[in-house]
Amino acid sequence: RRTHLASTEQARAALAPHGTLEPQLAAEHWRGEIPLPQAVAAFYEQVGPLGNWINERVGHAGLTVPTAGNPFSIPPLARLWSAQAGYRWHGITGERLAAWPDHWLVVADQGADPFILDLNTGAIQFARHGAGAWDDDEPLFADILEMAACLGTVGQVWDEAGEDIFADDYSVNPVHRARLVEGLAPLIGADRAEDLADVFGW
């Protein structure tokens with residue numbers, strides 16, 4: 001059914017306008033207490049979302065990708081494990097949160113809403129933080145490359161639209177929604193492109 005799997009090249013091309021991309025090797029940058037999934041290791045080695053250097057304490061910023069509402073955020077590999085705070089463990093006490101499944105890894109977010117990689121399947125779902133419970137939902141993306149290519153494409157269309165992005169009622173201008181669907185269709189097919197535009201409030 002999923003015949004549109006995104007390539008490394010498509011993911012790189014989509015993310016490149018949104019910040020620095022550099023190879024990041026798991027042996028040097030992964031701080032996690034679980035093994036880094038091979039697909040994620042390859043993503044950081046071959047696509048490498050890094051962003052600007054902030055300072056010694058913070059390191060690199062990761063990528064910030066504009067869209068309707070809060071931007072998408074993709075952390076650098078060195079901060080991927082700390083990005084699990086508030087999901088896998090309590091952000092202040094560090095206590096492991098029982099409601100968060102062991103096989104989930106946050107790989108990006110929009111505000112406090114996480115994009116969750118399923119370690120068993122490699123697929124990625126998008127969860128709304130205020131939903132009250134973390135449930136296994138239908139995957140939004142087949143894998144991390146498809147996620148990166150699609151989020152980056154959303155950001156490119158947003159940037160290219162400039163101030164014309166909004167209609168008079170501050171909804172997204174239908175012209176640019178149509179451009180987004182057109183940009184996403186080669187990656188995920190036209191039907192899923194329409195659905196994704198809805199999910200992200202375009």
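Reader: In E7, which residue is the bridge partner of Ile-116?

Author: The model discussed here is predicted. E6 and E7 run antiparallel and are joined by three bridges. Within this pairing, the partner that Ile-116 meets in E7 is Gln-125.

Reader: Which residue takes a positive phi in the hairpin of E6 and E7?

Author: Five residues lie between the strands of this hairpin. A positive phi near 85 degrees occurs there, and the residue that takes it is Gly-122.

Reader: How many bridges join strand E5 to strand E6, and which residue in E6 is the bridge partner of Gln-110?

Author: Strand E5 covers residues 104-110 and strand E6 covers residues 113-118; the two run antiparallel, with six bridges between them. Asp-109 has Pro-114 as its bridge partner in E6. The hairpin of E5 and E6 has two residues between the strands, and Gly-111 takes a positive phi near 65 degrees in it. For Gln-110, the bridge partner in E6 is Asp-113.

Reader: Are the faces of E6 covered or open, and how many of its residues are buried?

Author: In a regular strand, side chains alternate between the two faces of the sheet. On one side of E6 are Asp-113, Phe-115 and Leu-117, and on the other are Pro-114, Ile-116 and Asp-118. Both faces are covered, as these residues are all buried. The count of buried residues in E6 is therefore six of six, where buried means under 20% relative accessible area.

Reader: In what order do the five strands form the open sheet, and which are the edge strands?

Author: The pairing is antiparallel, and the order is E3-E4-E5-E6-E7. From one strand to the next, the twist averages 30 degrees. Two strands pair on one side only, and these edge strands are E3 (63-65) and E7 (124-126).

Reader: Which helix gives the most residues to the largest nonpolar core?

Author: The largest nonpolar core has 53 residues. Those with the most contacts inside this core are Phe-115, Phe-141, Met-147, Phe-200 and Trp-202. The helix that gives the most, with 11 residues, spans residues 144-161 and is H4. Apart from this core lies another, of six residues, among them Tyr-87, Val-106, Ile-116 and Ala-127.

Reader: Which residues does Trp-202 touch, not counting those up to four places away in sequence?

Author: Trp-202 is one of the residues with the most contacts inside the largest nonpolar core. Its contacts include Thr-67, Ala-68, His-176, Arg-177 and Leu-180. The list also includes Val-154, Val-157, Trp-158, Ile-165, Val-172 and Ala-197.

Reader: How many helices and strands are there in the chain, and what pattern does the chain follow?

Author: The chain has six helices and seven strands. Read along the sequence, these elements give the pattern α-α-α-β-β-β-β-β-β-β-α-α-α.

Reader: What is the radius of gyration of the chain, and why does this value agree with a compact globule?

Author: The C-alpha trace spans about 45 × 35 × 35 Å along its principal axes. Of the 202 residues, 47% count as buried. Among contacts between residues at least 6 apart in sequence, 54% join residues at least 24 apart. Because a compact globule with 202 residues would have a radius of gyration near 17 Å, the value for the chain agrees: 17 Å.

Note on methods:
Residues are numbered from 1 along each chain as its sequence is written. This is a predicted model: local features need pLDDT of at least 70, side-chain atom pairs count only at pLDDT 80 or more; totals for chains, interfaces and linings use all residues. Side-chain values use heavy atoms; hydrogens and water are left out. A nonpolar core is a set of buried Ala, Val, Leu, Ile, Met, Phe, Trp, Tyr and Cys residues joined through side-chain atoms within 4.5 Å. Buried means under 20% relative accessible area, exposed over 50%, partly exposed in between (1.4 Å probe, protein chains only). Helices (H or I, at least four residues) and strands (E, at least two) are DSSP runs, numbered from the N terminus. Contact means heavy atoms within 4.5 Å. Two strands pair if DSSP finds at least two bridges between them. Axes are lines fitted to C-alpha atoms, for helices over the stretch in contact, and angles run from 0 to 180 degrees between N-to-C directions. The radius of gyration is taken over C-alpha atoms; the globule rule is 2.2 Å times the number of residues to the power 0.38.
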